[in-house]
Structures are given as C-alpha cells and as structure tokens.
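Q: I'm new to reading structures, and I'd like a close look at one part: a pair of neighbouring strands and whatever lies around them. Please take it step by step.

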Number of protein chains: 2
Amino acid sequence: MAADLDETLEFQPRFDAQGLITAVVTDIGDGTLLMVAQMTAEALRLTLATGQAHFWSRSRQALWRKGEKSGEFLSVQEILTDCDQDVLQLKVEPHGRGAACHTGRRTCFYRRVKDGRLEFTGATPLFDPAKIYKR
Amino acid sequence: MAADLDETLEFQPRFDAQGLITAVVTDIGDGTLLMVAQMTAEALRLTLATGQAHFWSRSRQALWRKGEKSGEFLSVQEILTDCDQDVLQLKVEPHGRGAACHTGRRTCFYRRVKDGRLEFTGATPLFDPAKIYKR
C-alpha cells in the first residue's frame with residue numbers, strides 16, 4: 001500500500017500509466033450499479049466543475065460528456081474514493097429516460113452468468129439506440 | 001463495440017493485455033459498493049467453482065482468495081457482466097465481521113471528495129487490521 005493512502009484526507013487519485021482512473025457509477029437512489037468507465041484528470045476536473053459526469057472513451061480516444069448525444073446525462077451527487085485511491089465511485093442522479101447504458105437499458109449490467117453462459121436479467125431497453133447513435 | 005458483445009448470450013469476458021478483468025463487488029443485501037479488484041481467468045474459474053470470491057493481487061502478483069487471512073470471505077451469489085464484457089459485477093454475501101476492506105471497514109469507499117479534499121463518511125473499522133495482517 002502506498003504511503004498511508006488508506007487513511008489520509010488528501011485527495012490523491014492514482015491515475016494509471018495511461019493517465020486513467022476507473023469510475024464506478026451507482027444510482028444515488030437505490031445504489032444500483034449503472035456503469036463503469038474511465039476518467040482522465042481532465043474528465044475528473046470537468047465532472048467536479050460542472051456536476052455532470054465526464055469520462056474518457058478509450059475506443060474513441062476522446063473526452064466525453066455522458067449524455068451529450070443521448071440526453072442521458074448523469075448529475076453527480078457525491079464522489080468517493082477507495083482505500084488506495086485508484087478507483088472512484090460516482091453516486092449519480094440519472095436524467096433523460098434514466099438509461100445509462102448505450103443499449104438503452106438502465107444499467108450496463110443486464111446479463112448474469114448462468115451455467116457458463118449469459119441470461120438477461122429482464123432489464124428492457126428504455127430507448128432504441130439505433131435512433132440515438134449514428135454508427 | 002466488438003462484434004455484438006452487447007446482446008450475445010455467450011459469456012466472453014474480455015481480459016486486458018495483462019490478462020485481467022475488473023470486478024466490482026456489491027452487497028447483495030442492499031447493493032452497497034464494497035470493493036473493486038482484478039481477476040485473472042483462473043481467479044474467475046475458482047470463484048465460479050467454489051462460490052467464494054478469488055482475485056489477483058497486482059501488488060503481490062499472486063492469486064488470492066478473499067478472506068484467506070482475515071476470515072472476511074465473500075460468498076458470491078450472482079455474477080453479471082456489462083455491455084462490452086470488460087467488467088464483472090459480483091453480488092456477494094459478506095462473511096466474518098462483514099468488513100470487505102483491508103482497513104477493517106465494511107466498504108473500501110469510506111471517504112468522499114469535499115472541496116478538493118477527502119472526508120470520512122463515518123464508516124468505522126469493524127476490526128483492527130494490525131491484529132490480522134502481518135506486514
């Protein structure tokens with residue numbers, strides 16, 4: 001464990017070699033895990049400054065305000081960090097239709113592992129992604 | 001997005017270049033985010049086979065059965081994956097004293113960001129880590 005990171009009150013987020021930190025997004029209402037994304041220092045700064053979740057897209061290599069295309073933005077109510085400060089938790093209030101996932105579902109975690117395969121949990125899409133995102 | 005990973009029922013966990021996948025651990029009782037750790041394919045296999053959470057420690061470069069030293073093991077009730085299958089969610093029932101964090105707290109997320117610094121959320125340690133872990 002790096003020098004007492006687990007008890008300090010200094011906020012020292014530990015970005016990895018690519019300059020990224022993992023952000024775990026939960027619904028402040030009922031605690032549901034909505035999505036997991038990556039943040040750069042700039043994404044974190046913008047999130048703190050605006051109160052809206054910003055992330056870094058590794059596939060697009062671009063800063064990204066969540067909801068900028070879909071309207072499904074996330075209002076950040078609280079940010080926590082873990083014991084070694086290499087993960088952030090964002091407690092959010094979802095906006096738009098309340099579909100954090102790009103598939104149109106409330107959460108990205110809509111499939112469970114069962115006997116070596118996946119099954120849907122029953123979370124149905126709240127919007128049609130084909131109408132929102134241009135491929 | 002890799003070939004329709006977001007709708008398939010094939011379980012194809014995407015391990016990164018280091019052979020790791022991020023596991024987000026939540027309490028099946030009330031959904032609290034407890035910890036975030038890394039898994040290798042072997043850690044995932046052992047978790048599925050035994051029903052107890054196994055992880056990969058990057059600092060120790062070793063496979064690790066959660067609770068093997070502290071007794072704070074995690075009984076895995078459900079595993080979900082996200083839309084692009086690069087994160088797993090483990091819904092667990094905590095055992096021992098119910099302290100998933102090595103600091104003796106219930107959760108690793110016991111500090112919130114406030115005005116550029118951290119403050120404790122009020123989660124107090126359930127055990128004294130100095131008595132459990134030899135450094």
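A: Let's start with β5(A) and β6(A), which run antiparallel and are joined by 7 bridges. Before going further, keep in mind that this is a predicted model, where local features need pLDDT of at least 70 and side-chain atom pairs count only at pLDDT 80 or more, while totals for chains, interfaces and linings use all residues. As for the labels, residues are numbered from 1 along each chain as its sequence is written, and chains are lettered from A and ligands numbered from 1 in the order in which they are written.

Now for the vocabulary. Strands are DSSP runs of E with at least two residues, helices are runs of H or I with at least four, and both are numbered from the N terminus. Two strands pair if DSSP finds at least two bridges between them.

Back to our pair. If you pick A:V76, its bridge partner in β6(A) is A:V92. The two strands form a hairpin with 5 residues between them, and A:Q85 there takes a positive phi near 55°.

Next, how β6(A) sits in its surroundings. A residue is buried if 20 or more other C-beta atoms (placed from the backbone) lie within 10 Å of its own, exposed if 12 or fewer do, and partly exposed in between. Going by that, 7 of the 8 residues of β6(A) are buried, so the strand is largely enclosed by the rest of the structure. β6(A) also pairs with β1(A): those two run parallel, joined by 6 bridges. Along that pairing, A:V24 stands opposite A:Q89 in β6(A).

A:V24 turns up again in the largest nonpolar core. Such a core is a set of buried Ala, Val, Leu, Ile, Met, Phe, Trp, Tyr and Cys residues joined through C-beta atoms within 7 Å. This one has 64 residues, and A:A23, A:V24, A:V25, B:A23, B:V24 and B:V25 touch the most other members. Here's a rule of thumb to go with that: in soluble globular proteins, nonpolar side chains tend to be buried together.

Who does B:V24 touch? Two residues count as in contact if their C-beta atoms, placed from the backbone, lie within 7 Å. Leaving out neighbours within four places in sequence, B:V24 is in contact with A:V24, A:L33, A:V36, B:L33, B:V36, B:V87 and B:Q89.

That takes us across to the other chain. The contact between the chains takes 32 residues from chain A and 32 residues from chain B. On the chain A side, β1 (21-27), β2 (33-39), β5 (74-81), β6 (87-94), β7 (111-114) and β8 (117-120) each supply at least two residues. The largest share there, 4 residues, comes from β5(A). Sorted by type, the chain A side splits into 14 nonpolar, 9 polar and 9 charged residues. In that sorting, Ala, Val, Leu, Ile, Met, Phe, Trp, Tyr, Cys and Pro count as nonpolar, Asp, Glu, Lys and Arg as charged, and the others, Gly among them, as polar.

β5(A) also pairs across the chains: 2 bridges join β5(A) to β7 (residues 111-114) of chain B, and the two run antiparallel. There, A:T81 stands opposite B:R111.

Over in chain A, the loop between β7 and β8 holds A:D115. A:D115 has a positive phi of about 55° although it is not a glycine, and it is exposed, with 8 other C-beta atoms within 10 Å. Another contact between the chains involves B:F11, which comes in the segment before β1 (21-27) of chain B. Not counting residues up to four places away in sequence, B:F11 touches A:V113, A:G116, A:R117 and A:L118. With 18 C-beta neighbours inside 10 Å, B:F11 counts as partly exposed.

Finally, how do the two chains relate? Lay chain A on chain B with a turn of 180° and a shift of 0.0 Å along the axis, and you get an RMSD of 0.0 Å. That's the relation of a two-fold axis. In chain A, the C-alpha nearest the axis belongs to A:G31, 2.8 Å away from it. The same surface serves both copies, with 100% of the contact residues of chain A recurring in chain B. For that superposition, the copies are fitted by least squares on the C-alpha atoms of residues with pLDDT of at least 70 in both.
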